[in-house]
Structure formats: C-alpha cells, structure tokens
Amino acid sequence: MQVVGFRDYHKQAKRLAKQLGVKYVEVAVHHFPDGESKVTLPNTLDAEIIICRSLDHPNDKLIELLLACEVARQQGVRHITLVAPYLCYMRQDIAFNSGEAVSQKIIGQWLGQLFDRVITVDPHLHRIDNLNQAIPNTEAISLSATNLMSEFLANRPNPPLLLGPDSESEQWVKQIAEHTGLDWEIAGKQRHGDHNVEIMLPKIDFNDRIVVIVDDVASTGRTIAQAAKQLKQAGAQTVNCLITHPLFADNAEQVLSNACINHIWSTDSINHHSNVIQLAPLLAKAINA
Ligand code: R5P
C-alpha cells in the first residue's frame, strides 16, 4: 500500500504515510497555459493505493483525480481509497429553485464510481445523516475531528465558553463540550446572502468571558465575524475561533481580523497558517480499522 499525494497537500499526505508506515509517492501535475492539467503518476504503484488530497478549490482537483484514477487502474491498481479531509460540493443537497444542479448527489455519485473507499472529516451534510446517501456504491467513511479539537481546547490555560454560531454547529459544539466539560451555547443565524449574515446571540451574560467560536467551515468568514462583533459588544474579554475546514475565501481573514478575533485555530484539513491540529492519526486509525 502507498499514499499517493499531490504537491498542494503533500505535507499532510506525507504525515499520513508516516503514520501508516507506508511509502509516499507524488503525482506530477503540469498546468498548461490554457488551464488544462497534465497528470503523471509514478509507474511503480502497489495494488492498493490511498490518494490523499483535500478538495477545497475543487474544480481542477476533481478532473485531476479522474485522470489519476484512470491511469492507476490501467497500471493494475485494484483498490483506491480517496482521503479527502475536506469534501467539496456537499452543501447543495436539494434544488431550492428549479434548474439548480444538486451537486452533492452528482459529485457524490461520481466519487462513488471512481473510488473503492472515500474517507472524509466532518462533511457538511444538512438533510442526510449518512455519507453513503451522498456517496453511494462505495465504502464511505465520515470521521469527526471533535475529539482532537477537545484535546486542543482542554490544554488551553483558561477554560473558554464554546459558542456555536448556528444550529448546524450544535452537533460539534455539544460533542466537544461533553468531552471537555466546557460551558457551551448556540446562537441563531439568518443568512441573507453570501456576504450578509445576521447572528442572534443567546441571552446570557458574556461579560469578561473568554469565548471560542466553533464551526465546521469558515468560507467568507462573515458568520464568525458577526458572532465575534456581537460577543465583543456584549462584553466578552477575548474571542477566538476553532474551525475544522479553514476555506477562507477572498478577504475572509481580514474580515475576521476587523472583528477583533484574537486567534484563529484550525485543523490541517486545508493548508492554512492557522492549522494547529493534525488529522493524520485520526485518518490512519480509520484506514487501519
Ligand atoms: C453553515 O452552515 C456552516 O456551518 C458555516 O457556518 C458557514 O458555511 C460559514 O460560512 P461563511 O464563513 O461564509 O459565513
């Protein structure tokens, strides 16, 4: 068994290989001036491989995965696992307006055809509770980073109050609170557009509290920024945030910094300087199970 990585996620893929005690090999990708990708695999692949690549900024990556899988199969690889700590296209799970593509279903089915096993971490599943409903006809494994997040938070010098910024975050916040014994609260959220979010804080006393906002994804950063601004107005002493998937689109970090967030912490599901939690042990355990 080998771990097959790509340059954009090589540190995490190498850590996974090390954790599994197997060899790491890398796919060479050349981007032509017109935007097409040339994908070259090593020609010494084992019968079983693990392709480790997170699927943020997914469009090129999905095509490159398709090309890589085809070459691997031609070379005689019989079992291919995709380890994608961030799994793309999971949010659109129904058509809100006629004509909208339900990307979760379409991309999920496609991944199910390409791979013998798909492993991801805390995918954004709204209306379904099993990853196999999104990725059928394959072994689909959904892991959670909450235990690792709990360990990280349990080692903070002052016990913070955990705040989930919306009802969807409750599943993660509650688990972390159960593991750590930390106090927790959930805010209400209304999204009026990609960059326009309204947060309704719970009616408790935030004065002088150290608060950590916990969420699965930060994309535009508006959800966390709005929550942080209100916490500050309500008297919170310090506001930090802990995110599973630090997507940080466009000026999201600036938006968070303007909202007086002290620390941004994240898992290494996506490469970012805020990464403080490595997922390799969690992923390796699932592969070895
Ligand atoms: C929403 O359901 C998610 O859990 C996140 O709260 C959301 O995706 C964050 O998006 P943004 O950073 O753009 O506000």
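The following exchange concerns the ligand and the largest pocket of a predicted model.

Reader: What makes Thr223 a polar contact of the ligand?

Author: An N or O atom in the side chain of Thr223 is 2.5 Å from an oxygen atom of the ligand. The cut-off for a pair of N or O atoms is 3.5 Å, so the pair counts as a polar contact.

Reader: How do you know that Asp215 and Arg91 also make polar contacts with the ligand?

Author: A polar side-chain atom of Asp215 lies 2.6 Å from an oxygen atom of the ligand. For the side chain of Arg91, the distance from an N or O atom to a ligand oxygen is 3.3 Å. Both values are within 3.5 Å, therefore both pairs qualify. The protein covers 93% of the 370 Å² of accessible area that the ligand has on its own.

Reader: Why is the ligand said to sit in the largest pocket?

Author: The term requires that more than half of the atoms of a molecule lie within 2 Å of the grid points of the pocket. The ligand is placed in the largest pocket, so it meets that condition. About 730 Å³ of space lies in this pocket. It is lined by 26 residues, and Arg91, His124, His126, Lys189 and Arg191 are the closest to its centre.

Reader: Which element gives the most to the shell around the ligand?

Author: Strand E13 does, with four residues. The shell has 15 residues, among them Glu168 and Thr220. By class, eight are charged, five polar and two nonpolar.

Notes: Residues numbered from 1 in each chain as written. Predicted model: local features only at pLDDT ≥ 70, side-chain atom pairs only at ≥ 80, totals over all residues. Heavy atoms only, no water. Near = heavy atom within 4 Å. Polar contact = N/O pair within 3.5 Å; in protein donor to acceptor, adjacent residues only side chain to side chain. Areas by Shrake-Rupley, 256 points an atom, 1.4 Å probe, with all protein chains shown as cover. 1 Å grid on protein atoms, 1.4 Å probe; cavity = no way out; pocket = protein on both sides within 12 Å on 5 of 7 lines; lining within 4 Å. Helix = DSSP H or I, 4+ residues; strand = E, 2+ residues; numbered from the N terminus. Nonpolar A, V, L, I, M, F, W, Y, C, P; charged D, E, K, R; others polar. Points joined across faces, edges and corners; volume = space filled by probe spheres on them.
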